[in-house]
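Please open the model in your viewer and keep a selection prompt at hand. Each stop below names what to select and then says what is there.

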Amino acid sequence: MGAYQDIFERVEKKFILDEKTYREFMKRIEPYFEPDQYYKSTIYNIYFDTPTNILVRNSIEKPVYKEKLRLRSYKVPNKESTVFIELKKKYKGVVYKRRVDMTLAEAEEFLGGGKAPGRNKQIEAELRYFMSFYKDCGPAMFLSYDRLAYKGIKDDGLRLTFDTHILYRQDNLGLDKGTWGKELLSPGTRIMEIKIPGSFPMWLSRILTDLEIYPASFSKYGTAYTKELTQEIKKGKVITCA
C-alpha cells in the first residue's frame, strides 16, 4: 500500500444526463477522450455523519464551504483488503480531497477511535481532528455505483466519469456486507462528472452548450438522505415544524 495518490485539488462539475443526451455527448467527445486505467469499476462507500446528520444537512443547504468523510473500496473487501478513508472538502467550487489507504480492519479500528497505522501521519491527524470536531461521527449510509471513467487524450489531468445503478441503504453498514440497497435514480439516468485542475477547455464548453447540458447540484448522499426523509414524513414518522 501507499502507492496511491493521496492529495487532490481540482474543479469538479456534475451533470445529469438522460440516455439520448448521453449517447449524443459520447459521439461528440470521441476525438478528445479515451478510457482511463480504471475504465470500468464499481465503487463502494460508507458515508459518515453525526447522530443528527449535521454533515448531510449542511451539504443540502449548498454552503460556500462543506466537507464529508467516507470510507471507500473498489471491490467488496475482506478485512485484509485495501480501502481508503477520504476527507473531501469543497470551497467556492474547488474540491480538496485527502485520503489514506489502510486495510479494512485498520480502517475500522481507526474510525472507531482506535490507533492509526501511521502510514500517513499528516492525513491521519486531519482525520482524527475531523472526528473529534464532529462528536460521535459514525457510519450513516452505504452507497455503491457502477462507474465508467475517461481521461483527456491530450490533457491527462482532464477526467470524465459516468455513474449509474446507484444503490443505497441505511442498515448493515459495512463494506464487506455485499452490494444491495434501494435504487436512487430512474433507469437510463447518468451522473456525469467532469474533473479538471483548472478551467474547462473551450471545445468542451462548446459541446456542453450545443447540447444544452448544464451543471447540476447533485450529491448522492444528500439525494438519498432527502429521499428517505421525504418518505418518513409521508408516513408520519417525522414531526416537522412550520
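The tour goes from the pockets to the salt bridges, then to one helix and two exposed residues.

This is a predicted model, in which local features need pLDDT of at least 70 and side-chain atom pairs count only at pLDDT 80 or more, while totals for chains, interfaces and linings use all residues. Residues are numbered from 1 along each chain as its sequence is written, and side-chain values use heavy atoms, with hydrogens and water left out.

**Stop 1: the largest pocket**

Select Phe8, Tyr38, Tyr74, Arg99 and Arg159. The largest pocket has a volume of about 1,000 Å³, and of its 41 lining residues these five, Phe8, Tyr38, Tyr74, Arg99 and Arg159, are the closest to its centre. A pocket here is found on a 1 Å grid over the protein atoms alone, as an open set of points where a 1.4 Å probe fits, with protein on both sides within 12 Å along at least five of seven lines; lining residues have an atom within 4 Å of a point. Grid points are joined across faces, edges and corners, and the volume is the space filled by probe spheres set on the points.

Next, colour strand E2 (residues 33-49), which gives the most to this lining, with six residues. Strands (E, at least two residues) and helices (H or I, at least four) are DSSP runs, numbered from the N terminus. If you colour the lining of the largest pocket by class, you should find 15 nonpolar, eight polar and 18 charged residues, where Ala, Val, Leu, Ile, Met, Phe, Trp, Tyr, Cys and Pro count as nonpolar, Asp, Glu, Lys and Arg as charged, and the others, Gly among them, as polar.

**Stop 2: the second largest pocket**

Move to Lys66, Lys90, Ser217, Phe218 and Ser219. The second largest pocket holds about 720 Å³ of space, and these residues, Lys66, Lys90, Ser217, Phe218 and Ser219, are the closest to its centre among the 32 that line it. Two or more lining residues come from each of strand E1 (7-17), E2, helix H2 (54-60), strand E3 (65-73), strand E4 (82-91) and helix H6 (220-234). By class, this second lining has 13 nonpolar, seven polar and twelve charged residues.

**Stop 3: salt bridges**

How many salt bridges does a search of the whole structure find? The search finds 19, a salt bridge being a side-chain nitrogen of Lys or Arg within 4 Å of a carboxyl oxygen of Asp or Glu.

Select Asp36 and Arg159, whose side chains meet in a salt bridge at 2.5 Å, N to O. Asp36 lies in strand E2 and Arg159 in strand E7 (residues 159-169), so the pair ties together parts that are 123 residues apart in sequence. Asp36 counts as buried, at 10% relative accessibility, whereas Arg159 is partly exposed, with a relative accessible area of 26%; buried means under 20% relative accessible area, exposed over 50%, and partly exposed in between (1.4 Å probe, protein chains only).

Now take Glu86 and Arg72, which form a salt bridge at 3.9 Å, N to O. Since Glu86 belongs to strand E4 and Arg72 to strand E3, the pair ties together parts 14 residues apart in sequence, and both Glu86 and Arg72 are buried. Extend the selection to Arg70, Arg72, Glu86, Lys97 and Arg99, which salt bridges with shared partners join into one network.

**Stop 4: helix H6**

Which residues of H6 are buried? They are Lys220, Tyr221, Gly222, Ala224, Tyr225 and Glu228, and the buried residues of H6 pack against E2, H2, strand E6 (138-152), E7 and strand E8 (182-183), contact meaning heavy atoms within 4.5 Å. Just after H6, Gly236 takes a positive phi of about 80 degrees.

**Stop 5: two exposed residues**

Select Lys115, which is found in the loop between H3 and H4 and is exposed, with a relative accessible area of 61%. Lys115 touches Glu109, Phe110 and Arg128, not counting residues up to four places away in sequence. Lys115 and Ser199 are 84 residues apart in sequence and 40 Å apart in space, C-alpha to C-alpha.

Finish at Arg23, in helix H1 (residues 19-29), which is exposed with a relative accessible area of 53%. A C-alpha to C-alpha distance from Arg23 to Ile7 gives 33 Å in space, for residues 16 apart in sequence.
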